[in-house]
Amino acid sequence: MVEIKNIDKSFGKLNVLQGLNVTIGKGKAVAILGPNGSGKTTLIKCILGLVIPNKGSITVNGENIHANWNYRNYIGYLPQIARFPENLSVKELFLMIQDLRQQKVNYDYLVNQFNLSPFLTKPLRSLSGGTRQKVNMVMALMFNPEIYIFDEPTVGLDPISCVRFKELVQSQKNLGKTVLITTHILSEVEELADEIIFLLDGKIYYQGSPIELMSKYEETHLERAIAKMLETYELKLITS
Amino acid sequence: MFKIVKYSFYDVLRSRWMSLYFLFFFVSTFALLYFSSDLTKSIASLMNIILTIIPLISTVFGVMYYYNSREFIDLLLCQPIKRSSVFLGQYLGLSLSLVISFVLGTAIPFGVYGLFVSDAVWNFSILLLSGVVLSFIFVGFAFFISMLNEDKIKGFGIAILVWLYLAVIYDGFLLLFFVSFNDYPLENAAIGLTLLNPIDLARVMTLLKLDVSALMGYTGAVFNLFFGTTKGMLFSFLSLLIWVIFPIFGFLRLAKRKDF
């Protein structure tokens with residue numbers, strides 16, 4: 001359960017988030033959509049406590065996240081760009097994170113799912129972009145958290161791993177986990193999300209299920225429905 | 001936090017630069033002891049090396065380490081770890097590995113020469129203490145400056161300027177000031193101005209112990225006159241400790257509000 005109340009965030013003169021209110025219920029899978037620079041990643045970073053909002057409050061499982069770090073135990077996060085200490089090997093990285101979180105877990109299953117076993121002893125700097133993303137995924141999934149936050153998860157993944165990832169997310173959803181996902185790939189949204197939050201210029205422009213959105217704009221494809229929604233938004237901007 | 005100290009510490013120790021840093025002190029200490037017959041003189045020469053090199057290398061390493069470990073920091077900040085622990089852990093990890101390289105690099109030659117059983121051991125200990133404290137101070141400065149500047153080149157430039165100012169330019173200004181106002185009683189001003197520069201403080205502390213009046217300079221002499229040897233040393237040491245705490249508080253405060 002994530003509750004975001006009236007948050008504002010600006011970087012200098014740029015207002016990235018403006019009075020945003022979002023509640024993400026337990027067991028829901030929510031997709032955050034929006035054009036580049038609409039504030040998706042900033043919103044996610046606010047929830048993680050990486051970016052500190054100028055105003056408003058965020059609670060995760062009832063805990064206010066301000067000056068709090070314990071709540072990150074509930075969260076598995078997959079960042080947009082995989083950044084690691086380059087000198088470590090994959091296995092060392094996994095062990096280090098376990099040591100830091102003081103949680104022993106068995107990640108063999110995930111390593112097999114993503115075919116990572118040949119890379120376990122390789123240093124992270126030698127891995128390809130897609131392999132790094134798989135390492136990232138194992139790290140997000142391995143602690144079995146209650147809330148998953150995926151920032152553009154399937155960028156750079158091969159089709160098999162993409163399918164594996166979606167299966168894993170689906171099974172976690174069925175277990176009642178909360179999933180928050182940002183993506184530009186709308187087929188993923190259709191497959192995984194119960195709800196869409198569409199951000200435009202730091203505000204919520206649309207919130208509801210994908211099916212509702214498609215019926216509202218009388219389209220059979222989510223992509224077309226969103227394109228239509230954006231067109232009407234631009235028309236409004238011009239006429240106003 | 002101690003886990004982060006541990007990981008940063010091993011990470012830094014594994015780098016080639018740290019062995020070079022160790023070798024530098026090892027070779028120069030050996031050379032100074034070998035070529036000079038007067039022990040106090042070689043300690044004084046070593047002091048001059050330490051007072052310039054330690055602040056410089058600590059600053060450069062601090063800035064480089066901060067910018068290079070941005071990935072690691074990002075990773076840690078997403079974990080259930082307190083923000084201040086992340087940065088304090090990294091700071092201590094780097095500072096401790098610098099300190100260990102320096103202490104081993106100078107202490108081994110001293111030990112080999114059998115000086116730990118001589119009277120020089122106290123003079124040497126004060127020298128080590130100055131080096132250790134200066135390492136902590138300048139790594140702290142480096143962290144503070146690099147946290148303030150996202151731009152690597154700018155952060156690097158500012159850090160080097162701070163070092164240049166404290167290690168070289170400050171003394172020039174001090175001299176200019178004393179010459180211009182030498183008609184006035186300057187003792188209090190001299191003490192005050194020395195307190196504002198950690199490198200000068202470390203120099204005064206070591207020279208008071210070495211008791212080489214020729215090297216003390218005006219400020220050292222004033223310290224000696226005002227406080228006497230023991231009190232003067234204690235006073236300069238306490239002021240140095242304040243200098244250690246000051247940048248740490250600075251970067252922890254910055255870290256609290258920063259967006260990553």
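What percentage of the 240 residues of chain A count as buried? The figure is 39%. Keep in mind throughout that this is a predicted model.

**Stop 1: chain A, whole**

Select chain A and show it as a cartoon. Eight helices and ten strands should appear. Turn the view onto the principal axes: the C-alpha atoms fill a box of roughly 60 × 40 × 35 Å. The radius of gyration is 19 Å, and this agrees with a compact globule, because 240 residues would give a value near 18 Å. Now consider the contacts in chain A with a separation of 6 or more: 66% of them link residues 24 or more positions apart.

**Stop 2: the six-stranded sheet**

Stay in chain A and select E6, E7, E8, E3, E9 and E10. In that order they form an open sheet of six strands, with mixed pairing. Which strands are at the edges? They are E6 (75–78) and E10 of chain A, and each pairs on one side only. On average, neighbouring strands of this sheet are turned by 15 degrees against each other, direction ignored.

Go next to E7 (residues 147–151) and E8 (residues 178–182) of chain A. These strands run parallel and are joined by five bridges. Pick Asp151(A); its bridge partner in E8(A) is Thr182(A).

Helix H1 (residues 40–48) of chain A packs on the sheet. Highlight what H1 touches: E3, E6, E7, E8 and E9 of chain A. The direction of H1 makes about 145 degrees with that of E7(A). Add helix H4 (residues 129–141) of chain A, which lies across E6 and E7 of chain A. H4 runs at about 170 degrees to E6(A).

**Stop 3: strand E9 and its two partners**

Select E9 (residues 195–200) of chain A and look at one partner, E3 (residues 29–33) of chain A. The two pair in the parallel sense over four bridges. Label Ala31(A): its bridge partner in E9(A) is Ile196(A).

Now turn to E10 (residues 203–208) of chain A. E9(A) and E10(A) run antiparallel, with five bridges between them. Phe198(A) stands opposite Tyr206(A) in E10(A). Follow the chain round the hairpin of E9(A) and E10(A), where two residues sit between the strands. Stop at Asp201(A), which takes a positive phi near 50 degrees.

**Stop 4: two more positive phi values**

Most residues other than glycine have a negative phi. Select two that do not follow this.

- Asn6(A) has a phi near 55 degrees. Asn6(A) lies in strand E1 (residues 2–11) of chain A. Asn6(A) counts as exposed because it has 12 C-beta neighbours inside 10 Å, and the cut-off for exposed is 12 or fewer.
- Gln102(A) also has a positive phi, near 55 degrees. Look for Gln102(A) in the loop between helix H2 (90–101) and helix H3 (108–113) of chain A. Gln102(A) counts as exposed because it has 9 C-beta neighbours inside 10 Å.

**Stop 5: where the chains touch**

Bring in chain B and show the contact. Chain B gives 16 residues and chain A gives 18 residues. On the chain B side, helix H1 (2–13) and helix H4 (70–77) each supply at least two residues. Which helix has the largest share of that side? H4(B) does, with five residues. Colour the chain B side by class: eight nonpolar, one polar and seven charged residues.

**Stop 6: chain B, whole**

Hide chain A. The secondary structure of chain B comes to ten helices and zero strands. The radius of gyration is 19 Å, close to the 18 Å of the globule rule for 260 residues, so chain B is as compact as a globular protein of that length. Along the principal axes, the C-alpha trace spans about 55 × 50 × 30 Å. Of the 260 residues, 42% count as buried. Among contacts in chain B with a separation of 6 or more, residues 24 or more positions apart account for 80%.

**Stop 7: a helix pair in chain B**

Finish with helix H6 (residues 120–148) and helix H7 (residues 152–180) of chain B. Their axes come within 9 Å and cross at roughly 145 degrees. The crossing is right-handed. Show side chains for the contact. From H6(B), select Phe141(B), Ala142(B), Ile145(B) and Ser146(B). From H7(B), select Gly155(B), Ile158(B), Ala159(B) and Val162(B). By class, the residues of this contact are six nonpolar, two polar and no charged.

Note on methods. Residues numbered from 1 in each chain as written. Chains lettered and ligands numbered in written order. Predicted model: local features only at pLDDT ≥ 70, side-chain atom pairs only at ≥ 80, totals over all residues. Pairing = 2+ DSSP bridges. Rg over C-alpha atoms; globule rule 2.2 N^0.38 Å. Buried ≥ 20, exposed ≤ 12 C-beta atoms within 10 Å, placed from the backbone. Contact = placed C-beta atoms within 7 Å. Nonpolar A, V, L, I, M, F, W, Y, C, P; charged D, E, K, R; others polar. Axes fitted to C-alpha atoms, helices over the stretch in contact; angles between N-to-C directions. Left-handed = near helix turned anticlockwise from the far one by under 90°.
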